[in-house]
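Visitor: I'm new to this, and I'd like a close look at just one part of a protein. Could you pick up one pair of strands and show me what goes on around it?

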Amino acid sequence: MSLPQSAPPAFTMNRLSNTITLYRNSSKYLTGCRRPLLLMLPWFGAKPHAIERYRQIYYPYGYDILVVDCSIKHFFWPQSGMSYALQVMELLQGEPFASCPLVIHAFSLGGFLFAEMMVASRNVPSSSNFKSRIVGQIFDSLVLGSVDQVAKGVSQMTAPPFLQPILKRFVVFWLLSSYINRQHQAAINAFKYHPCPAPILVFYSKNDPLSDHMEVGAMLHGWQKKGIRAFGKSWDISRHAGHLRQHPQEYQSTLQNFLSSLGPYHLPSKL
């Protein structure tokens, strides 16, 4: 079954801050249930037109969409990342979001921001019900691997070839500093070993310079052993945070099947 091909329904855009935007869906597709909120955590440097391709997938389902942009500083300076995560958590705990079922769609460094939110949900009493509200999780191009691999990937994707060796050495030095490494490990451990039990879908590729596909596969297996419905969709060759553009039909059909599995109140009503 393919995704609905109708035109995007009307929505209103409300910029809540410089980095957080709410898209209110005015469709009548959902009746008799609480409209789910999609928390979209894009990759660093994502352009509006690129994010729009993903939003269009969700429009026919009647979701409201909260787009929370991340910064490279949230990854390289975890204290900043945690502060931002707490800000987002506080927003989600207030009205009009407090009782909304949540679906997460996080890309690349957006996955790290979500990991920081997992840490916050364990350590901040007011955020303790955050995980229980999540009904589905989609992760795309998670930054996962050894420090050397992540440093190499960052340098390849952000610097010209002649600067890549210098940038790689700097990133390795920075990530291995005791404070940064300790904070990163806490976020990664919360994500890997204390996950939200809601169903999970992970998109990844074997040639991603920022993501070790063997580690992704092992993490999926670990979640499955915990009894979580966790699924992976991988490609031999694709592009970091670009799987939808590289493999549009496979990406959309896989995502549609996953959304369909979450329950009837996440499906678009028949017109």
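How many bridges join β2 to β4, and do these two strands run parallel or antiparallel?

Guide: Happy to! One thing before we start: this is a predicted model, where local features need pLDDT of at least 70 and side-chain atom pairs count only at pLDDT 80 or more, while totals for chains, interfaces and linings use all residues. Residues are numbered from 1 along each chain as its sequence is written, and side-chain values use heavy atoms, with hydrogens and water left out.

Here's your answer: β2 and β4 are joined by 4 bridges, and the two strands run antiparallel. (Two strands pair if DSSP finds at least two bridges between them.) If you want one spot to look at, try Y23 in β2, whose bridge partner in β4 is I65.

Now look at β2 by itself. This strand covers residues 20-25, and 5 of its 6 residues are buried, so you can call it mostly covered. (Buried means under 20% relative accessible area, exposed over 50%, partly exposed in between, with a 1.4 Å probe and protein chains only.) In the protein as a whole, 51% of the 271 residues count as buried.

What sits on the other side of β2? That's β1, which pairs with β2 in the antiparallel sense over 5 bridges. Here T12 stands opposite R24 of β2. A hairpin links the two, taking 4 residues to get from β1 to β2.

Step across to β4, residues 64-68, and you meet β3, residues 37-41. These two strands pair as well, over 4 bridges, but in the parallel sense. L38 stands opposite I65 in β4, the residue that is also the bridge partner of Y23. That makes I65 a handy landmark for finding your way around.

Let's zoom out for a moment. The strands we've met belong to an open sheet of 8 strands, ordered β1-β2-β4-β3-β5-β6-β7-β8, with mixed pairing. At the edges stand β1 (11-15) and β8 (230-235); each has a single partner strand, so one side of each is left without a neighbour in the sheet. From one strand to the next, the twist averages 15°. The protein has 11 helices and 8 strands in total. (Helices, H or I with at least four residues, and strands, E with at least two, are DSSP runs numbered from the N terminus.)

What lies across this part of the sheet? Helix α4 lies across β3, β4, β5 (102-107) and β6 (134-140), and it runs at about 135° to β5. (Axes are lines fitted to C-alpha atoms, for helices over the stretch in contact, and angles run from 0 to 180 degrees between N-to-C directions.)

Another helix to look at is α1, residues 48-58, which is home to I51. With 5% relative accessibility, I51 counts as buried. Leaving aside residues up to four places away in sequence, I51 touches M40, P42, A46, V67 and D69. (Contact means heavy atoms within 4.5 Å.) I51 and V67 are 16 residues apart along the chain, and their C-alpha atoms are separated by 8.9 Å. Across the whole protein, among contacts with a separation of 6 or more, 76% are between residues 24 or more positions apart.

While you're here, have a peek at the loops, where the backbone does some unusual things. Most residues other than glycine have a negative phi, and most peptide bonds are trans. S108 goes against that habit with a positive phi near 50°. You'll find S108 in the loop between β5 and α4, and at a relative accessible area of 6% it is buried. S141 has a positive phi too, about 60°, although it is not a glycine. Its place is in the loop between β6 and α6 (147-158), where S141 counts as buried at 0% relative accessibility. For a peptide bond that isn't trans, look from E95 to P96: that bond is cis, with omega near 10°. P96 lies in the loop between α3 and β5.

So, back to your strands: keep β2 in the middle of your view, with β1 on one side and β4 on the other, following the order of the sheet.
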